[in-house]
Amino acid sequence: MPRRNRNSGSGLQRSALNSSRVPSSTGRTSQQDTPQLQYSQQASRDASVNGFDDAASTASSDAWVMSEDKHIEIGNEWESLLETALDALDTRRAAAREKSLQSMLCLMAHTYMGDGLEGRHMMLLEALRRSVRSTKSHVEQERALHGISLWFVNFGTQDEAESEFASVSEQLRVMVVDPAGDSQVRAQALGALGIANFIAGPDFHDAAELAQFVHTQVLDPALESCDMSVALQAFSTLGLLLTVVADGDSLLLENIFNATIDSHMRGLRTDSVDVRISAAQNFALVHSALGANSNYEFDSQDEIVEMLKMLKILQNKSSRRLGKRDSSVQRIAMHRVLRTIEVSDMPELKLKLHGRIVRFGDWTRIVRLQAFRRVLGGGLPVHFARNKLLQDVFEVNFDSTSDDFARNRARVVVNPSSKLAKMRTLELHRQRDGR
């Protein structure tokens, strides 16, 4: 289980959730190599796990309903499929390893594995770390890094997650600070660092140290010249870590926020709508946390007054360069942030999972759900229903024996020509031959 006390809450806003689109190189592969999910082209490039329609998620500011038919349920043969994919990682052909990792990502996202593998989960982690060390394929590295994030989500309640965290964190930090590294690889390494720390990090002091690392190594030195996918993931990871610090020490949260105000201001001035929204929602997160727990005076600092002015400009800004959709997304997001800061009005989101409406309503949950959504994509409903880690973080429970749960259980949605479908067919043939 996570080592930290996590605050309760109940809410999300669509426009803020939409800002969590982190590109992934898995979208570079042929569609026939991946399970074909029903998703919008505006969604994340991660075709292996993403079942969300981002365009639809911004249509309203007060509700976000995810269709139950947009994720994959693998079935009972997932262990055999995973073994087959792991065996294929030993090949010398980079393209074959990339395809195997694609299948592994789909399996790990759409199946809760924490109760399975019978101790072989450490072999899985080592295989992923070995692929991360590969220098022949950026696609392989990126998918393996995504796999590490999924590993911590699946096995984060086990003791090995905490014991492996230090060495994994060290490996990921090296990739983040590599100036010659591929931008998508660096972004995935940042995401994996954040989710691993949130799940398996020792305490809020460690989260604060990592937040300072993200700021000083990524955001502070060269934000303007940084690839926007890296900048977006840096602000998102920083926000996730700030939720942990807020749970532990409000004074420490103040210090980190004061140190990063300038970077957040620069984030609001970037050309990326997603980066602007991520920086703005970090401000709302800190404001809501400190407003409740300390005497921090937000109106007394020139930098914060300037940030408020910038948020109001962005709320009303309309530009041909943005386009109608991005302008709407930005306007809704900035409106919600300003409502939180000015009148303490929190956004509300309704998440439909297995026939049940789950309501959320604070910025801590916004940031945390964004982080898990980036990792799990369309597999989020599966893990909400079966993964105790997510149930503890968001304080929800699902009765898998209820009629509603069974009736709303999603069916398999996989392209018959995909790699995963072919693996399943071969496994079924093998089982028949063994009878």
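A good place to enter this predicted model is Cys106, which is buried, with a relative accessibility of 0%. Cys226 also counts as buried, because its relative accessibility of 13% falls under the 20% cut-off. As for bonds between cysteines, the count of disulfides comes to zero.

With that starting point in hand, the chain as a whole can be introduced. The secondary structure consists of 19 helices and two strands. Of the 435 residues in the chain, 60% count as buried. Contacts also reach across the sequence: among those with a separation of 6 or more, 75% join residues that are 24 or more positions apart.

The interior comes next. In soluble globular proteins, nonpolar side chains tend to be buried together. Here, the largest nonpolar core holds 118 residues, and the members that touch the most other members are Leu124, Leu311, Phe372 and Phe384. Helix H10, which spans residues 228-248, supplies the largest share of this core, with 12 residues. The surroundings of Leu124 give a feel for such a position. Apart from neighbours within four places in sequence, Leu124 is in contact with the leucines Leu82, Leu86 and Leu117, the methionines Met104 and Met108, and the aromatic residues Trp151 and Phe155.

Helix H10 deserves a further look, starting with its packing partner. Two packed helices are described by the angle between their axes and the distance between the axes. For helix H8 (residues 183-200) and H10, the angle is about 5° and the axes are 9 Å apart. H8 is therefore roughly parallel to H10, since an angle under 35 degrees falls in that class. On the H8 side, the contact is made by Ser183, Gln184, Arg186, Ala187, Leu190, Gly191, Gly194, Ile195, Asn197 and Phe198, while H10 contributes Ser229, Val230, Gln233, Ala234, Thr237, Leu240, Leu241, Thr243 and Val244.

Another residue of helix H10 is Phe235, which is buried at 0% relative accessibility. Its C-alpha atom is 9.6 Å from that of Val218, a residue 17 positions away in sequence. With residues up to four places away left out, Phe235 touches Leu219, Leu223, Ser263, His264, Gly267, Val275, Ser278, Ala279 and Asn282. One of these partners, Gly267, can be followed into helix H11, which covers residues 250-268. Gly267 is likewise buried, with a relative accessibility of 0%. Beyond its sequence neighbours up to four places away, Gly267 touches Leu223, Phe235, Val275, Arg276 and Ala279. Between Gly267 and Ile277, which are 10 residues apart along the chain, the C-alpha to C-alpha distance is 8.8 Å.

Helix H6 and the loop that follows offer two glutamines to compare. Gln141 sits in helix H6 and, with 10% relative accessibility, counts as buried. Its contacts, leaving aside neighbours within four places in sequence, are with Ser131, Val132, Ser134, Met175 and Val185. The C-alpha atoms of Gln141 and Leu101 are separated by 9.7 Å, although their positions lie 40 residues apart in the numbering of the chain. Gln158, in turn, is placed in the loop between helix H6 (138-155) and helix H7 (159-176). Its side chain reaches the backbone oxygen of Gly114 at 2.9 Å. Apart from residues up to four places away in sequence, Gln158 touches Gly114 and His121.

Finally, two loop residues stand out for their backbone angles. Ser344 has a phi near 55°, which is positive although the residue is not a glycine. This serine belongs to the loop between helix H14 (323-343) and strand E1 (349-353). Ser344 counts as exposed because its relative accessibility is 57%, over the 50% cut-off. Glu395 also has a positive phi, near 55°, in a residue other than glycine. The loop that holds Glu395 runs between helix H17 (388-394) and helix H18 (403-407). At 48% relative accessibility, Glu395 is classed as partly exposed.

Definitions and conventions:
Residues numbered from 1 in each chain as written. Predicted model: local features only at pLDDT ≥ 70, side-chain atom pairs only at ≥ 80, totals over all residues. Heavy atoms only, no water. Core = buried A, V, L, I, M, F, W, Y, C linked by side-chain atoms within 4.5 Å. Buried < 20%, exposed > 50% of the residue type's maximum accessible area, 1.4 Å probe, protein only. Helix = DSSP H or I, 4+ residues; strand = E, 2+ residues; numbered from the N terminus. Contact = heavy atoms within 4.5 Å. Disulfide = S-S within 2.5 Å. Polar contact = N/O pair within 3.5 Å; in protein donor to acceptor, adjacent residues only side chain to side chain. Axes fitted to C-alpha atoms, helices over the stretch in contact; angles between N-to-C directions. Parallel < 35°, antiparallel > 145°, perpendicular 65-115°, else oblique.
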